[in-house]
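Open the model in your viewer with a cartoon for the backbone and sticks ready for side chains. The tour goes from the whole chain to a few selected residues.

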Amino acid sequence: SKGFFVSPTLLTNVGDDDICVKEEIFGPVACALKFKTEEEVIARANNTNYGLAAAVFTKDISRALRVQRQLQAGTVWVNCYNAFDARVPFGGYKESGFGRENSEYAIDNYTQIKAVRIAVA
């Protein structure tokens, strides 16, 4: 009764230029768009300023591997979604973040490298 709440929502009949397709929505909201070819869906998925995460659902593991290589996203889940592990880095591409959380890569966010060279003669 307090605050804002959105029930899980599937948005259909949306287009490539709709805000709900172009922007990151943090909540239980998904947009469903039809596509005809693998190339088309990859181009459409990458046609955004953001790239936090993506998911590929397929029975064809070769297709999953081929598609994930082309997606401009920091995390790609295959046949699952929102599966996190502290040992795996998490962070986005493009405007979806700076650096990585989790794993050894997160240490880079808290350290600064210094190189010192001393000539002794």
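Start with everything selected and a surface drawn: the accessible surface of the protein is about 9900 Å², and carbon and sulfur atoms account for 55% of that area. Keep in mind that this is a predicted model.

Next, colour by secondary structure. Three helices and six strands should appear, and along the sequence they follow the pattern β-α-β-α-β-β-α-β-β. The radius of gyration is 19 Å, well over the 14 Å that the globule rule gives for 121 residues, so the protein is more spread out than a compact globule. Aligned to the principal axes, the C-alpha atoms fill a box of roughly 75 × 45 × 25 Å. Colouring by accessibility shows how much is covered: buried residues make up 17% of the 121 residues. If you draw a contact map and keep pairs at least 6 apart in sequence, 29% of those contacts join residues at least 24 apart.

Now select N46, in helix 2 (residues 38–46). Is N46 buried or exposed? With a relative accessible area of 15%, N46 is buried, the cut-off being under 20%. Show what surrounds N46: leaving out residues up to four places away in sequence, N46 touches Q70, L71, Q72 and K94. For Q70, display the backbone as well, since a polar atom of the N46 side chain lies 2.9 Å from the backbone oxygen of Q70.

Move to the cysteines and select C20 and C31. How far is the sulfur of C20 from the closest cysteine sulfur? The distance is 3.7 Å, to C31, which is too far for a bond; a disulfide needs the two sulfur atoms within 2.5 Å. C31 is accordingly in no disulfide, and a search of the whole structure finds zero disulfides. While C31 is selected, note that this residue is partly exposed, with a relative accessible area of 28%.

Finish with two asparagines, using a Ramachandran plot if your viewer has one. N82 is found in the loop between strand 5 (75–78) and strand 6 (93–94). Although not a glycine, N82 has a positive phi of about 60°. The relative accessibility of N82 is 47%, so N82 counts as partly exposed. Then go to N102, in the segment after strand 6. N102 has a positive phi of about 70° and is not a glycine. At 30% relative accessibility, N102 counts as partly exposed.

Definitions and conventions
Residues numbered from 1 in each chain as written. Predicted model: local features only at pLDDT ≥ 70, side-chain atom pairs only at ≥ 80, totals over all residues. Heavy atoms only, no water. Helix = DSSP H or I, 4+ residues; strand = E, 2+ residues; numbered from the N terminus. Buried < 20%, exposed > 50% of the residue type's maximum accessible area, 1.4 Å probe, protein only. Polar contact = N/O pair within 3.5 Å; in protein donor to acceptor, adjacent residues only side chain to side chain. Contact = heavy atoms within 4.5 Å. Rg over C-alpha atoms; globule rule 2.2 N^0.38 Å. Areas by Shrake-Rupley, 256 points an atom, 1.4 Å probe, with all protein chains shown as cover.
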